[in-house]
Each structure stands twice: as structure tokens, then as C-alpha cells.
Amino acid sequence: MIERVSHRNVCDSSSVATFHTIVGLFVYGCSQEPERPAILVEGGLTITRRELLARTARFAGFLAGRVRSGDRVVVMLGDRIEFIVALLGIVANRATLVSIPHTAQETDVGQILHENAPTLAIAGTQQAALLKKHRTNVPSMRDILIVEGPEPEGLTEFGHSISSDVLHDSACRRDDLVTLNYSPRVTGVKRGRMLDHGWWLRVLDVDQRLYQRSSQDRQLCCLPICSVLSVLQLLTSLSTRGSLIAMRAMSASRFWDVVRNLDATEVLSYGSMPATLLQGKPGTQERDHRMRIAFHAGVPKDLHCELAERFGFDWLDNYGNTECGLMSRVPMHMARELIGSGSIGLEVPDVEIRIVDEAGNDVADGIVGAALVRGPNLFRGYVGHPDLTSEGMRGGWYCTGDLLRRDERGLLYFIGSNEDVNRHSGESIAPSQTGDSRFTGPV
Amino acid sequence: MRFDSSLLGLERRTAEFRVSSVRLAQFAATVNDTNPRHLAGDVAFPVFATIPPMQAAMEVLSKVTDLPRLHGEHDIRLYKPIRPGVRLFSRAVLHGVRPSRAGVTVAIRTETADAHGDLFDQQLLTTLIPGATLPHAYGADSPGHGLPEDVKSSAPKFAACFDMHEDQTRRYCEASRDYSEYTTRLEAARAKGFDGLLVHGLLTMAFACRAVVQHACSGDSTILRRLACRFTAPVILTPGQAISTSLWQWDVEEHRPVFGFESTDARGSVVIGHGRAELQS
């Protein structure tokens, strides 16, 4: 009989389970080593933890008289650090950030505003103009704060002289909604996913128990800072004494310079990044760096070996989505063995995955079926669409809409999806955003 | 202070530390090194070896005490030079806790090796908890590296003085990832009782090491086998701060040339004593 495999060296001492909210984790992380960089932006801008904490505390104080518990605040910003300040400031006041992609079309913006009835909006100059067009239809929206000027000063005028304990003494609770995320979708109704503190903390907790980081580590983020994944990366680096490197739009020609000069040790890869990097001209710099791991959802089987050999670090497959967060990952000790296998690994701690047939019965190993997921702190539903939420749940299990197969060792394989999106470790990203169609096909 | 003797032998390990030429070159530049091989990132400046095991050592130390402490001594035994491409794994073990005239010392032993088990260095990091008392000594004693008075009373064979720059500690924070507040924020330094920014002990040691490599090793740091010293007084980053290091040809042990060294700051205070550098035979 072939033995089932499992994750080894799960490091429970790295757990963040002691935190009840991401605000608590953020304040703790920033306070531990205040002079350590929180974010190093490609191009030279560095924000220390002290500065990030101070900016956020001031903005949280500014919002204190303007938003109340349960309010929704629309944020429509591009790739700017002020997004982090806005997020934590809003959440510390027990309001919820409604994230609208800064490239969203007018009709989508209208739908999101209608569904959420926000009391406040925070937006870039161009996005503010779009929001203003809808203002008459959204009487709840009392004000629009415009983020402009050089980064990270875009929110400085709001709370410039305010000294407040709202952030440090936040009354927010684990079941408060943190964000409502509208990911770009190719077709169909836009769905806002409601994520509470428990969702965010579980993803952080599982990841940190599975992968050990140190004060010498820096995570490279190539997505806009306003994405769920980027915020997760930042919170991870804050709680593991690391720093986040923010690359401004992925580029194969700049990638290795950023990796080397800013000393990245880990990257969250997405979409076509692997293929893009392999298309780059080979050189010594792609081996002379400190990168030791890339996390990627759907590492292309045919490129996997070349990626690992050419660049000299492991590419670890994950499976997840915004609804369930991180669901599976290749065990660290099997990273080499599973190169090119197409496996998305095993369920992460605390998550169960069933593979069922059309009648809802569990299928045998080797048979393709629909993936159902159960675990603590999944998403709280689709905003304004209780029908869709209940449709997605089946007896306490969430129907992912994905087709998986499990082999005799218990390893999972992604076969296909009913959703026209890529599945990443915690966020759905449309192929149009990533420029990749590889993962939508059979693996 | 109270000490739980069951902590002796407590061990912590680090995550993998990969080495790149850029990181090596950045470190060399940060300590104002002028050695072309270090600045090119071909081989590590010797004090770079303190970086990979440091987190593990600090994790062990934090289990022993949370009292204010000072870096007392550092003793590095080098077996293989660190070069780009190596992948290092470190472990730190609580070596000993002992009463001393100035307080209580906590010694932590570290080892850094690659994935094949090839040893790169062993270190003994001693921290001093000023004013603390302890009725007994626990664990092993640390090997000495003192400079005999008769040697010190002779004329040094070499001497070198290197200036510290205004942003020296800030740059060292980045190179070492030791972002201790009192090294970059005046308010934090004053809260600790210092009248200026405190220079990291290992940064001061790096300045002394430059003199050792330049003169005792004739520029070839790969022949250095041991570098040990005691931090005898804090260095404050004042305008015009400089570290002057004197080296004495001390002895030849087992065919190995041995040098003693001592460093003073710009005011003439001895900031590094009991310095010992051993070269390969």
C-alpha cells in the first residue's frame, strides 16, 4: 500500500493565531523594529515601519469622526502605498474597505457603489472623477478624499496634525469585515467577496507555519500594492521581521536588477511570469542572487524543470481563491520531487478538500471530480447576492467550481475550472489582467 | 538575575541563507572597505560571517533574559571563506551563563555550514548584562583571547585609522539587517543613556578587521582563521569619529601567525581590547 504524504516541519511557533485582528498584527509588527523598512519600492522610496505606523495612526484618527462601525469605504487607487494606510485606517475604525480596481469601467463602478452604499470614497484623481459621476445616485457617499501628489504623501493632508489612539486601541473584532473585493472578471455579474479578519489571519497563519522566514528575508511583490496578495505579503513580512519589495509592474528586463539590488529572497509569481522570465536573455545575474523560493499557482509543467534549473530556486505550486484563501500547497520537502508533475500539493493545515462526482459522492483516487472545500474562516459570502452565496455552499462545504484529481499518495492535481480565472493563493485574477491563459487549460 | 539551568544547550536554527555577490559587495562598501575583492563581491569581508547566524543567536538570548544588555565579546573562527552562491545554514546554542565583575555574561555558540555539512565558521558571542548578579556559573567557560601586557607595551607592528561617516550606522543597519533604534535615532540612543548614536559593536569590529586584513593578511582575507575581541567601551557616532587600530605581532602558535590588536575611538578611548587575529599556517 502506498503511504499518504503530509506536510513536514509545520512550524507552529510561527503561528499568528495569537492575533485577533490584522490591525493588532500590523501594530505589533510595525512596533517591533520600527527602523526596519516595511516597504522598499523599486526606484528608491523606502518606508520604515515607524513611518508606516505613524501615517496609518494619523489617518485612522482622521477617519474617527467620519466613519462608523459597519460603514463601507470605497477605495479606488492605483499602485500606491497609501492603499495600505487607507486599509488599516478604515479597518481600525471597524469600517470595511470596498476595493474597486482602479481600471474598473464606469458601469462596474456604478454597480459596486449601488451594492455597497459607501459613506466615503478614497481615490486617485482620475478615479475620483469617475466616482463623482455617480455621486447623485449614491447619497450615502458624503465625501471623496483625493489621493494626489508624490507617494507616500497622498493622504498626509488628511490627519496631518492629528494624534490619535484609534489604531493602537482599535476596538475592531475578528468577525468584522475587513474588505469587500471585486476582482476583475471577464464575464458575468461582478461579485464582491466579503473577507473578515479571520479570513486574513488564517491565510497568514497557514503560510507562516508552512514556510520559515527570517529577518534576512525580503518578499518581492510584482502585483499592485492594492491587491489582496500584496497586502498579505506585507502583513507576512511585518510579522516575520522581513520587508516587502514593491516592484512597479513586472518586467523581465528589470526583474533581476530588482531581485539582486534590493535583495529579494522570495517572490509571489503569477500568470505568465515564469514564461516571461524564461524568455529573457540568459546571464550570470539570474543565478547570482539570494532568491530561494517562488510561490506560483499553476506552475507550467513543461517549464517547471527549466525554471528551477536555470534560476536556481524552487517554484512551489499553490491552489487557492478569494473565497477560501490558501487551500493547498506542495509540501516543502517534496518541492524538487514534484517538479514538472503538475501537482498542486496537499491541503494546508486546517483545510479539508473533497473531490466528488455529480451526485456529490466522493470519488476514488485518480478520478476527476468537483472540488469542495471546508475549513475555518472561509469568506463570508458575496455582498448583495445571498443567492450566489448559498448556491456556492453545499452542506457546509464550499463548491469551488474547480475540477481536481487526487493520486494514491494524496497529492492533488488541478484539472480545470468552470471559472474563467486563474487561481492564486488567495485571490482570483482574470487572464486579461495577467496576460496568461495557460492555467485555464488542463494542467 | 534568575537563570533556568535547563536552558543550557538550548538551540535555534536559521532558515537557509543564500549568498550573492551583490550582498557581499554591499556589506564591504558599508564598512568603507577598499579591498577590491570584497568590493567586487568575490569573497566575503570576514565580519560578514556574523550575519547568517545572528537571528538564531538572538532567539536563544531572548529565552535567557530580556534585561538590557551590551555586546561584550565576539570570537569568530573561520574555516572557509564565504563566496557567492553558497547556501548557509546556522545554528546557535546557549553555551554558558556566568557572573563577572561587571554583571552577568551570556555566551552563545554558533555554527554555520552549507547543506553538505561543510563548516564555514564557528562563533562565540558574549553579551553582558550590566549590574546583574548570579550566584553560580553555568555551562562552559569561553576560550580567552587576551593581549598580554608585555606585548602591548611594545611598539605595534602596524597601525591604521579609518574614519566613520555621518551615515555609517544607518548604512550598517541595511547591510546587517540589525535595525536597533539607538543606532539611527538620537532619541532612542539618549533613552539608553548615550549622548549620540551608538555604533553597532560588529561595525566597530569590522573597522578593526579592515586593519587586520590590510596589514596582517596583506589584503587576503581568506587566510584569516580567527578574529576575536572584547568591546571595552561604546562607540558614539560623533562628527569626526574614527577607529584607530594597532596591531602587534604576538606569537606563532602551531605555525600560525598570531596578532594582537586594540582599537581606540577619536577621543582616544579604548573601544576594542583583547583583540586577537590568527592566520592560516
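**Two chains, start to finish**

Okay, let's start small, with one proline: A:P152 sits in the loop between β6 (143–147) and β7 of chain A. Before I say what's odd about that proline, remember that this is a predicted model.

So, what kind of peptide bond joins A:E151 and A:P152? The answer is a cis one, with omega at about 5 degrees. If you're wondering why I bother to mention it, most peptide bonds are trans.

While we're on loops, have a look at A:A117 as well. You'll find A:A117 in the loop between α4 and β5 (120–124) of chain A. Its phi is positive, about 45 degrees, even though A:A117 isn't a glycine. That's worth a second look, because most residues other than glycine have a negative phi.

Right, let's zoom out to the whole of chain A. If you count up the secondary structure, chain A has 12 helices and 22 strands. How does its radius of gyration fit with the globule rule? For 443 residues the rule gives 22 Å and chain A comes out at 21 Å, which is close, so chain A is as compact as a globular protein of that length. If you want its extent, the C-alpha trace of chain A spans about 65 × 55 × 40 Å along its principal axes.

Chain A splits into two pieces: domain 1 covers 19–182 and domain 2 covers 199–438. Going by C-alpha atoms, the centres of those two domains of chain A are 26 Å apart. Where they touch, 32 residues of domain 1 of chain A are in contact with 24 residues of domain 2 of chain A.

Which elements of domain 1 of chain A give two or more residues to the side that touches domain 2 of chain A? Those are α1, β1 (37–41), α3, α4 (106–116) and β7 (177–182) of chain A. The largest share of that side is six residues, and it comes from α1(A). By type, the side of domain 1 of chain A that touches domain 2 of chain A has 18 nonpolar, seven polar and seven charged residues.

Since α1(A) has come up, let's see how it packs against α3(A). Helix α1 runs over residues 22–32 of chain A and helix α3 over residues 82–92 of chain A, and they pack at an angle of about 125 degrees with axes 10 Å apart. Because of that angle, α1(A) counts as oblique to α3(A). The crossing of α1(A) past α3(A) is left-handed. On the α1(A) side, the contact uses A:I22, A:V23 and A:F26, and on the α3(A) side it uses A:L88, A:V91 and A:A92. And what classes do those contact residues fall into? In the contact of α1(A) with α3(A), six are nonpolar, with no polar and no charged ones.

Now set that beside another helix pair. Helix α6 (residues 197–210) of chain A packs on helix α7 (residues 228–239) of chain A at about 55 degrees, with the axes 10 Å apart. That angle makes α6(A) oblique to α7(A). Here the crossing of α6(A) and α7(A) is right-handed. A:V203, A:L204, A:D207 and A:Q208 from α6(A) meet A:L232, A:L235, A:T236 and A:S239 from α7(A). The contact of α6(A) with α7(A) is a mix: four nonpolar residues, three polar and one charged.

On to chain B, which has seven helices and 12 strands. Its radius of gyration is 18 Å, and that agrees with the value near 19 Å that a compact globule of 281 residues would have. Along its principal axes, the C-alpha trace of chain B spans about 45 × 45 × 40 Å.

Chain B is also divided, into domain 1 (1–143) and domain 2 (144–281). The C-alpha centres of those two domains of chain B lie 16 Å apart. Between them, 23 residues of domain 1 of chain B are in contact with 28 residues of domain 2 of chain B. On the domain 1 side, α1 (21–30) and β3 (70–78) of chain B each supply at least two residues. The largest share there, eight residues, is from β3(B). By class, that side of domain 1 of chain B has 11 nonpolar, eight polar and four charged residues.

Last stop: where the two chains meet. There, 16 residues of chain A are in contact with 17 residues of chain B. Which classes make up the chain A side? One residue is nonpolar, six are polar and nine are charged.

Key
Residues numbered from 1 in each chain as written. Chains lettered and ligands numbered in written order. Predicted model: local features only at pLDDT ≥ 70, side-chain atom pairs only at ≥ 80, totals over all residues. Axes fitted to C-alpha atoms, helices over the stretch in contact; angles between N-to-C directions. Helix = DSSP H or I, 4+ residues; strand = E, 2+ residues; numbered from the N terminus. Parallel < 35°, antiparallel > 145°, perpendicular 65-115°, else oblique. Left-handed = near helix turned anticlockwise from the far one by under 90°. Contact = placed C-beta atoms within 7 Å. Nonpolar A, V, L, I, M, F, W, Y, C, P; charged D, E, K, R; others polar. Domains from an automatic or database assignment. Rg over C-alpha atoms; globule rule 2.2 N^0.38 Å.
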